[in-house]
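Please open the structure in your viewer and keep the selection panel at hand. The tour below goes stop by stop.

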Amino acid sequence: MLNLIENLSADTARQLYEVLPQDYVTAYMLFALLDSFAVDGAWVQTENEKVTALVIEKGQTKAFVAASKDADFEELRYFLRALGGVVIHAAPEYMRALGVTPFSRHGLMALHELPETGREAKTVTEDLRPVYQLLTQNAREAAGDTMQYRKYAQKAYKEWLSAQSRGIFGGYTVVKAVFAEQNSLLSAAIADILGDFIYIRDVVTDADYRKMGYGRDCVLGLCKELKTEKNHIFLLSGDLKTENFYKKCGFQREAAIELGIIEL
């Protein structure tokens, strides 16, 4: 039976972490759930009080599905069709069972070995505005430095801070950054932590300083700080170029997420 999760919170993700399969695909789905600012709805499927699947709807066009082998896939298919033929993100072994036609595949890569770090990446805990500005650099450049944009940017920044408060100010998000000598931000990487899984969700470098190793320094700085014997550090790679970059950072592909359309 599928039931709506009425209170989306970090506690919800932690509770589901304890009862869903401990694998990279499920962890990726749970990190999607943690981004509750962008979640339109979430449901858990249970069988005899055991959680067998998780469905997350984001942007009213995408559904993320994590399931165990005991899931009721017929119920999941019916439910996903009721959502309106959205794009599905799920493990390849479940796509056919869900009645989904896949059209692309992303790789979930995990850290295998940690290379020696280059430049030092510092942890950012207070002034996050430069990090936000770097994340939105392309949009800022396109809009120009107008009064209207600055007013919008201030509101957007406050909304971003609110969305990040689950982690950066709650104790389980880490931001690493490389700064120039004049203290200007060159590159940043952001990771969220849930149980033994650490998900690197953002890596960004100033357009004028790309292909100079700053992004790699941030990624390796995060990994150096967070890696323990039990921790699993992973990220999502959408193309071969990105995957090759992360291989140089010590990552290897461990699992996959397929995207497809539910067959109505």
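## Stop 1: inside the sheet

Select L108 and L236: L236, in β11, is the bridge partner of L108. This is a predicted model. Now widen the selection to the two strands, β6 and β11. They run antiparallel and are joined by four bridges.

Next, take β11 together with β10. Here the pairing is parallel, over three bridges. Pick F197 and look across to β11: H232 stands opposite. Keep F197 in mind, as the tour returns to this residue.

Move on to β9 and β10. Strand β9 covers residues 185-194 and β10 covers residues 197-205. Eight bridges join them, and the two run antiparallel. For one position in detail, select S187, which has T205 of β10 opposite.

## Stop 2: the whole sheet

Zoom out and colour the strands. What is the order of the twelve strands in the open sheet? Read across, it is β1-β2-β3-β4-β5-β12-β6-β11-β10-β9-β8-β7, and the pairing is mixed. Which strands stand at the edges? They are β1 (2-4) and β7 (122-123). Each has a single partner strand, so one side of each lacks a neighbour in the sheet.

Now add helix α2, residues 24-34, which packs on the sheet. The strands touched by α2 include β2 (39-47), β3 (50-58), β4 (62-67) and β5 (87-90). Also among them are β6 (100-111), β9, β10, β11 (232-237) and β12 (251-262). The direction of α2 makes about 65 degrees with that of β12.

Then show helix α9, residues 240-247. This helix packs on the sheet too, touching β6, β10, β11 and β12. Its direction makes about 155 degrees with that of β12.

## Stop 3: aromatic rings

Show the side chains of Phe, Tyr and Trp. How many aromatic pairs does the structure hold? There are 14.

Select Y17 and F197. They form an edge-to-face pair, 6.2 Å centre to centre, with 80 degrees between the planes. Y17 lies in helix α1 (residues 10-19) and F197 in strand β10, so the pair ties together parts 180 residues apart in sequence. Are Y17 and F197 buried or exposed? Both Y17 and F197 are buried.

Go next to W43 and F79. Their ring centres are 4.9 Å apart and their planes stand at 70 degrees, so this pair is edge-to-face. W43 sits in strand β2 and F79 in helix α3, 36 residues apart, and the pair links distant parts of the chain. W43 and F79 are both buried.

Now select a whole group: Y17, Y24, Y28, F31, F64, F197, Y199 and F234. These residues form one aromatic cluster.

One more ring is worth a click. Select Y214 and R119: R119 lies over the face of the Y214 ring, at 4.2 Å from the ring centre.

## Stop 4: cysteines

Search the whole structure for disulfides, and the count is zero. Select C218, which is in no disulfide. The nearest cysteine sulfur, that of C249, is 10 Å away. C218 has a relative accessible area of 0% and is buried.

Then select C223. Why is there no bond from C223 to the closest cysteine sulfur? That sulfur belongs to C249 and is 7.5 Å away, which is too far for a bond. C223 also counts as buried, at 0% relative accessibility.

## Stop 5: three loops

Start with S68, in the loop between β4 and α3 (73-82). Is S68 buried or exposed? Its relative accessibility is 9%, so S68 counts as buried. Leaving aside residues up to four places away in sequence, S68 touches P21, T52, F73 and Y94.

Jump to N48, in the loop between β2 and β3. N48 is exposed, with 71% relative accessible area. Check the backbone: phi of N48 is near 55 degrees, a positive value in a residue other than glycine. Most residues other than glycine have a negative phi.

Finish at K211, in the loop between β10 and α8 (214-226). Phi of K211 is positive as well, near 60 degrees, and K211 is not a glycine. At 83% relative accessibility, K211 counts as exposed.

Technical notes. Residues are numbered from 1 along each chain as its sequence is written. Side-chain values use heavy atoms; hydrogens and water are left out. Two strands pair if DSSP finds at least two bridges between them. Contact means heavy atoms within 4.5 Å. Axes are lines fitted to C-alpha atoms, for helices over the stretch in contact, and angles run from 0 to 180 degrees between N-to-C directions. Buried means under 20% relative accessible area, exposed over 50%, partly exposed in between (1.4 Å probe, protein chains only). Rings of Phe, Tyr and Trp (its six-membered ring) pair if their centres lie within 6.5 Å; planes under 30 degrees apart count as stacked, over 60 as edge-to-face and the rest as tilted. A charge sits over a ring if NZ of Lys or CZ of Arg is within 6 Å of the ring centre and within 35 degrees of the ring normal. A disulfide is a pair of cysteine sulfur atoms within 2.5 Å.
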